[in-house]
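Here is a short briefing on one protein model. Keep the sequence and the 3D view open while reading.

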Amino acid sequence: MRTPVDRHSIVVGIDGSPAAVGAARWAGAIANRQHAPLVLLGVVPALDFPLTTSVLAEVDLLPELRAAAKNKVREAFEAVRAEQPELEIRQIVEEGTPARELIEHSAGARMVVVAAKAQDRLSTLLLGSTALTVANKANCPVTVWRGRLDQPLPDERPVLVGVDGSPGGAAAIGEAYELASALGVEVVALHAWNDPDLLQWTPVPDTWIALAQQEKELLSERLAGWSDKFPDVAITQVVEKATPAQALLEHAEKAQLVLTGSRGHNRLTGLLLGSTSQNLLHNAASPVVICRER
């Protein structure tokens with residue numbers, strides 16, 4: 001039976017890897033700043049070969065798997081508790097597949113955090129991964145955590161958010177302000193525009209300047225009202241003529257995390273992540289937060 005989580009909780013997938021412990025430490029710091037409970041979720045994996053429950057019970061395999069999962073969760077718990085002694089932390093171990101369990105818990109969570117291990121950069125391209133599946137299907141913001149294992153905690157660098165005018169992009173703006181307010185850092189709002197067809201037929205520099213001014217005005221409109229809600233958060237607006245993925249990756253080098261909508265205006269992606277989100281997940285060196293409209 002699945003254990004329900006508080007709707008304000010931050011849920012972290014724990015698989016025993018160093019990256020998962022780093023993700024838990026990062027999430028613990030975020031949860032502490034946002035006064036949110038932290039849930040460390042370990043999953044006893046479903047086996048790929050047919051065995052009945054009675055056979056598993058006879059060989060004592062399930063108890064061993066449960067014990068191993070509990071140990072992994074406990075290791076992450078101790079790492080977080082050492083840095084966040086006052087934080088409310090729950091340890092949960094369930095049976096199933098990691099992606100499915102994280103997606104189920106996302107229905108009631110504030111955020112889901114899953115580590116992207118080093119080899120995921122290849123596996124997400126070929127076979128898919130827990131991180132990619134959860135980012136595609138979760139019902140709340142998903143942080144795919146990739147960072148320094150020796151220094152996983154948030155720092156003083158700004159929060160970078162891509163602004164594209166989509167519902168997911170609007171959700172990303174709100175999440176960026178909330179995280180920046182909790183961390184006491186600046187928001188860098190980036191709007192990238194690039195219309196090769198239009199520029200091909202309007203090569204006059206004055207036209208480019210006019211287009212750039214229009215894009216600046218669009219960015220200001222999409223950010224309107226957020227500074228009133230979060231007066232403590234400084235905002236820097238950046239408009240560039242480039243592809244969104246290219247611009248975000250360049251600016252991500254100076255940011256501690258990147259936020260983007262689940263998909264932009266690409267009608268071909270269906271329920272899958274847009275090309276910008278996919279690019280960030282594969283190539284950004286910092287945590288990437290994928291947001292979608294609730």
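The points below cover aromatic rings, cysteines and two further residues.

The model is predicted. It holds three aromatic pairs. The disulfide count is zero.

**Aromatic rings**

- A pair of aromatic rings is described by the distance of the centres and the angle of the planes.
- Tyr177 and Trp226 make a stacked pair, with 5.9 Å from centre to centre and 20 degrees between the planes. The pair counts as stacked because planes under 30 degrees apart fall in that class.
- This pair links distant parts of the chain. Tyr177 sits in helix 7 (residues 167-183) and Trp226 in helix 10 (residues 226-229), 49 residues apart.
- Tyr177 is buried, at 1% relative accessibility.
- Trp226 is also buried, with a relative accessible area of 19%. The cut-off for buried is under 20%.
- Phe230 joins Tyr177 and Trp226 in one aromatic cluster.
- Trp226 has a charged neighbour as well: Lys229 lies over the face of its ring, 4.5 Å from the ring centre.

**Cysteines**

- How far from Cys140 is the nearest cysteine sulfur? That sulfur belongs to Cys291 and is 9.4 Å away.
- Cys140 is in no disulfide. A disulfide needs sulfur atoms within 2.5 Å, so a separation of 9.4 Å rules out this pairing.
- Seen from the other side, Cys291 is in no disulfide either, and its nearest cysteine sulfur is that of Cys140.
- Are these cysteines buried or exposed? Cys140 is buried, with a relative accessible area of 0%. Cys291 is buried too, at 0% relative accessibility.

**Ile103 in helix 4**

- Ile103 belongs to helix 4, which spans residues 98-106.
- Its relative accessible area is 16%, so Ile103 counts as buried.
- Which residues does Ile103 touch, beyond its neighbours within four places in sequence? The contacts are Thr133, Val134, Lys137, Ala138 and Asn139.
- Val142 lies 39 residues from Ile103 along the chain, and their C-alpha atoms are 9.8 Å apart.

**Arg90 in strand 3**

- Arg90 is part of strand 3, residues 89-96.
- Arg90 is partly exposed, at 29% relative accessible area. That value lies between the cut-offs of 20% for buried and 50% for exposed.
- The C-alpha atoms of Arg90 and Val11 are separated by 9.4 Å, while the two residues are 79 residues apart along the chain.

Definitions and conventions: Residues numbered from 1 in each chain as written. Predicted model: local features only at pLDDT ≥ 70, side-chain atom pairs only at ≥ 80, totals over all residues. Heavy atoms only, no water. Buried < 20%, exposed > 50% of the residue type's maximum accessible area, 1.4 Å probe, protein only. Helix = DSSP H or I, 4+ residues; strand = E, 2+ residues; numbered from the N terminus. Contact = heavy atoms within 4.5 Å. Phe/Tyr/Trp six-rings, centres within 6.5 Å; stacked < 30°, edge-to-face > 60°. Lys NZ or Arg CZ within 6 Å of the ring centre and 35° of its normal.
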